[in-house]
Amino acid sequence: MPAKTLVQNEQEAIRWIEEGKDYQWIVEKYLEKYKIQTTTSMWATFRHRRGLKRRLTRNTDLIPWEVKPEHRWAYPVVMLRFEARRRDGKTLKPADQTRLDAWKADREQENTVVYYDPHTEDGFFYVPREPSDTDLVRVPKVDN
(Lines give C-alpha, C1' and ligand atoms only; values in the text may rest on other atoms or scores of the structure.)
Protein backbone atom coordinates (compact mmCIF):
# COMPACT_ATOMS: atom_id res chain seq x y z
CA MET A 1 0.00 0.00 0.00
CA PRO A 2 1.55 3.38 -0.97
CA ALA A 3 2.50 5.72 1.87
CA LYS A 4 0.03 8.40 0.69
CA THR A 5 -2.98 6.18 1.44
CA LEU A 6 -1.74 5.61 5.00
CA VAL A 7 -1.52 9.31 5.82
CA GLN A 8 -4.95 10.30 7.13
CA ASN A 9 -4.27 14.00 7.68
CA GLU A 10 -1.35 15.48 5.75
CA GLN A 11 -1.44 18.86 7.50
CA GLU A 12 -1.33 17.18 10.90
CA ALA A 13 1.63 15.03 9.83
CA ILE A 14 3.47 18.05 8.42
CA ARG A 15 2.82 19.98 11.65
CA TRP A 16 4.21 17.14 13.76
CA ILE A 17 7.36 16.93 11.64
CA GLU A 18 7.83 20.71 11.72
CA GLU A 19 7.37 20.64 15.51
CA GLY A 20 10.27 18.18 15.69
CA LYS A 21 8.31 15.10 16.72
CA ASP A 22 10.50 12.09 16.00
CA TYR A 23 9.34 9.45 13.56
CA GLN A 24 8.87 6.82 16.26
CA TRP A 25 6.53 9.20 18.11
CA ILE A 26 4.51 9.65 14.90
CA VAL A 27 4.39 5.86 14.34
CA GLU A 28 3.03 5.36 17.87
CA LYS A 29 0.56 8.27 17.58
CA TYR A 30 -0.79 6.96 14.26
CA LEU A 31 -1.34 3.52 15.72
CA GLU A 32 -3.11 5.01 18.76
CA LYS A 33 -5.17 7.61 16.90
CA TYR A 34 -5.94 5.94 13.57
CA LYS A 35 -5.22 2.24 14.30
CA ILE A 36 -2.84 2.29 11.34
CA GLN A 37 0.62 0.73 11.54
CA THR A 38 3.27 2.89 9.86
CA THR A 39 7.06 2.83 9.91
CA THR A 40 9.78 5.38 10.64
CA SER A 41 11.09 5.02 7.10
CA MET A 42 7.64 5.82 5.72
CA TRP A 43 7.66 9.12 7.66
CA ALA A 44 11.19 9.92 6.50
CA THR A 45 10.03 9.39 2.91
CA PHE A 46 6.92 11.52 3.53
CA ARG A 47 9.13 14.35 4.88
CA HIS A 48 11.49 14.12 1.91
CA ARG A 49 8.70 14.03 -0.71
CA ARG A 50 7.01 17.07 0.84
CA GLY A 51 10.29 19.00 0.79
CA LEU A 52 10.31 19.48 4.56
CA LYS A 53 13.54 20.40 6.34
CA ARG A 54 15.71 17.61 7.64
CA ARG A 55 15.30 16.89 11.30
CA LEU A 56 19.04 16.40 11.70
CA THR A 57 21.32 19.38 11.85
CA ARG A 58 24.27 19.18 9.50
CA ASN A 59 27.30 21.19 10.51
CA THR A 60 30.39 20.60 8.39
CA ASP A 61 32.43 22.93 10.60
CA LEU A 62 31.91 20.59 13.54
CA ILE A 63 31.84 17.34 11.59
CA PRO A 64 34.06 18.01 8.57
CA TRP A 65 34.64 14.31 7.86
CA GLU A 66 32.71 11.62 6.08
CA VAL A 67 32.20 9.38 9.09
CA LYS A 68 32.26 5.64 8.46
CA PRO A 69 29.14 3.72 9.56
CA GLU A 70 31.03 1.88 12.30
CA HIS A 71 32.05 5.22 13.88
CA ARG A 72 28.74 7.11 13.62
CA TRP A 73 27.72 6.55 17.23
CA ALA A 74 31.09 7.13 18.86
CA TYR A 75 30.75 9.45 21.85
CA PRO A 76 32.81 12.36 20.38
CA VAL A 77 30.69 12.58 17.22
CA VAL A 78 27.46 12.29 19.21
CA MET A 79 28.62 15.26 21.31
CA LEU A 80 29.51 17.18 18.15
CA ARG A 81 25.99 16.54 16.83
CA PHE A 82 24.53 17.87 20.09
CA GLU A 83 26.70 20.98 19.78
CA ALA A 84 25.60 21.40 16.15
CA ARG A 85 21.96 21.25 17.25
CA ARG A 86 22.63 23.78 20.03
CA ARG A 87 24.35 26.16 17.58
CA ASP A 88 21.39 25.78 15.24
CA GLY A 89 19.14 27.14 17.99
CA LYS A 90 17.50 23.82 18.81
CA THR A 91 16.72 22.81 22.37
CA LEU A 92 18.46 19.72 23.68
CA LYS A 93 16.94 17.34 26.20
CA PRO A 94 18.17 18.34 29.68
CA ALA A 95 20.24 15.15 30.04
CA ASP A 96 21.87 15.73 26.63
CA GLN A 97 22.62 19.36 27.49
CA THR A 98 24.25 18.24 30.75
CA ARG A 99 26.37 15.66 28.91
CA LEU A 100 27.38 18.24 26.31
CA ASP A 101 28.32 20.84 28.92
CA ALA A 102 30.48 18.30 30.80
CA TRP A 103 32.11 17.09 27.58
CA LYS A 104 32.94 20.63 26.46
CA ALA A 105 34.34 21.44 29.90
CA ASP A 106 36.57 18.36 29.62
CA ARG A 107 37.81 19.50 26.21
CA GLU A 108 38.66 22.91 27.65
CA GLN A 109 40.25 21.56 30.84
CA GLU A 110 42.30 18.98 28.93
CA ASN A 111 43.03 21.49 26.13
CA THR A 112 42.04 18.92 23.50
CA VAL A 113 40.07 18.78 20.27
CA VAL A 114 38.42 15.92 18.39
CA TYR A 115 40.47 14.21 15.69
CA TYR A 116 39.04 11.62 13.31
CA ASP A 117 41.00 8.88 11.59
CA PRO A 118 38.62 6.63 9.63
CA HIS A 119 41.38 4.04 9.13
CA THR A 120 41.47 3.10 12.81
CA GLU A 121 39.18 0.89 14.87
CA ASP A 122 38.13 3.65 17.28
CA GLY A 123 37.97 6.39 14.66
CA PHE A 124 37.79 9.33 17.07
CA PHE A 125 40.54 10.60 19.36
CA TYR A 126 41.20 13.59 21.58
CA VAL A 127 44.44 15.31 20.60
CA PRO A 128 46.23 18.31 22.12
CA ARG A 129 44.91 21.62 20.83
CA GLU A 130 47.21 23.38 18.37
CA PRO A 131 47.27 27.11 17.51
CA SER A 132 45.50 26.32 14.21
CA ASP A 133 42.57 24.67 16.04
CA THR A 134 39.78 27.25 16.27
CA ASP A 135 36.85 25.07 17.34
CA LEU A 136 36.17 21.68 18.94
CA VAL A 137 37.72 19.68 16.10
CA ARG A 138 40.98 19.27 14.23
CA VAL A 139 40.04 20.21 10.68
CA PRO A 140 41.49 17.76 8.17
CA LYS A 141 44.30 19.05 6.02
CA VAL A 142 43.46 19.19 2.35
CA ASP A 143 45.88 17.25 0.14
CA ASN A 144 46.91 19.11 -3.00
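Okay, let's start with the strands: β1 and β2, the latter being residues 124-128, run antiparallel and are joined by five bridges. A quick word on terms: strands here are DSSP runs of E with at least two residues, helices are runs of H or I with at least four, and both are numbered from the N terminus. Two strands count as paired if DSSP finds at least two bridges between them.

Before going on, this is a predicted model, so local features need pLDDT of at least 70 and side-chain atom pairs count only at pLDDT 80 or more, while totals for chains, interfaces and linings use all residues. Residues are numbered from 1 along each chain as its sequence is written, and side-chain values use heavy atoms, with hydrogens and water left out.

Back to the pair. Tyr116 sits opposite Phe124 of β2. Is β1 buried or exposed? Four of the five residues in β1, residues 112-116, are buried, so the rest of the structure largely encloses this strand. Buried means under 20% relative accessible area, exposed means over 50%, and partly exposed is in between, with a 1.4 Å probe and protein chains only.

Just ahead of that strand is a loop to look at. Asn111 is found between α6 and β1, and its phi is near 55 degrees, a positive value in a residue other than glycine. Asn111 is partly exposed, at 40% relative accessibility.

Now the helices. What angle do α5 and α6 make? The axes of α5 (residues 75-87) and α6 (residues 94-110) cross at roughly 110 degrees and come within 10 Å. The axes are lines fitted to C-alpha atoms, for helices over the stretch in contact, and the angles run from 0 to 180 degrees between N-to-C directions. That's why α5 and α6 are roughly perpendicular to each other; the word covers 65 to 115 degrees, with under 35 being roughly parallel, over 145 roughly antiparallel and the rest oblique.

Who's touching whom? On the α5 side the contact includes Tyr75, Pro76 and Phe82, and on the α6 side it includes Leu100 and Trp103. Contact, by the way, means heavy atoms within 4.5 Å. By class, there are eight nonpolar residues, one polar and five charged in the contact of α5 with α6. Nonpolar takes in Ala, Val, Leu, Ile, Met, Phe, Trp, Tyr, Cys and Pro, charged is Asp, Glu, Lys and Arg, and polar is the others, Gly among them.

Moving towards the N terminus, take α3 and α4, residues 40-49: their axes come within 8 Å and cross at roughly 110 degrees. So α3 is roughly perpendicular to α4. Among the residues making this contact are Tyr23 and Tyr30 of α3, along with Trp43 and Arg47 of α4. The split for α3 with α4 is six nonpolar, two polar and one charged.

Ser41 lies in α4 too. Ser41 is partly exposed, at 47% relative accessible area. From Ser41 to Tyr23 it's 18 residues in sequence, but 8.0 Å in space, C-alpha to C-alpha.

In the loop between α3 and α4 you'll find Lys35. Lys35 has a phi near 60 degrees, again positive in a residue other than glycine, and Lys35 is exposed, with 65% relative accessible area.

Last one: α2 (residues 10-18) and α3 (residues 23-34) have axes that come within 11 Å and cross at roughly 150 degrees. Trp16 and Ile17 are among the α2 residues that meet α3, where the partners include Trp25 and Tyr34. By class, that contact has six nonpolar, no polar and three charged residues.
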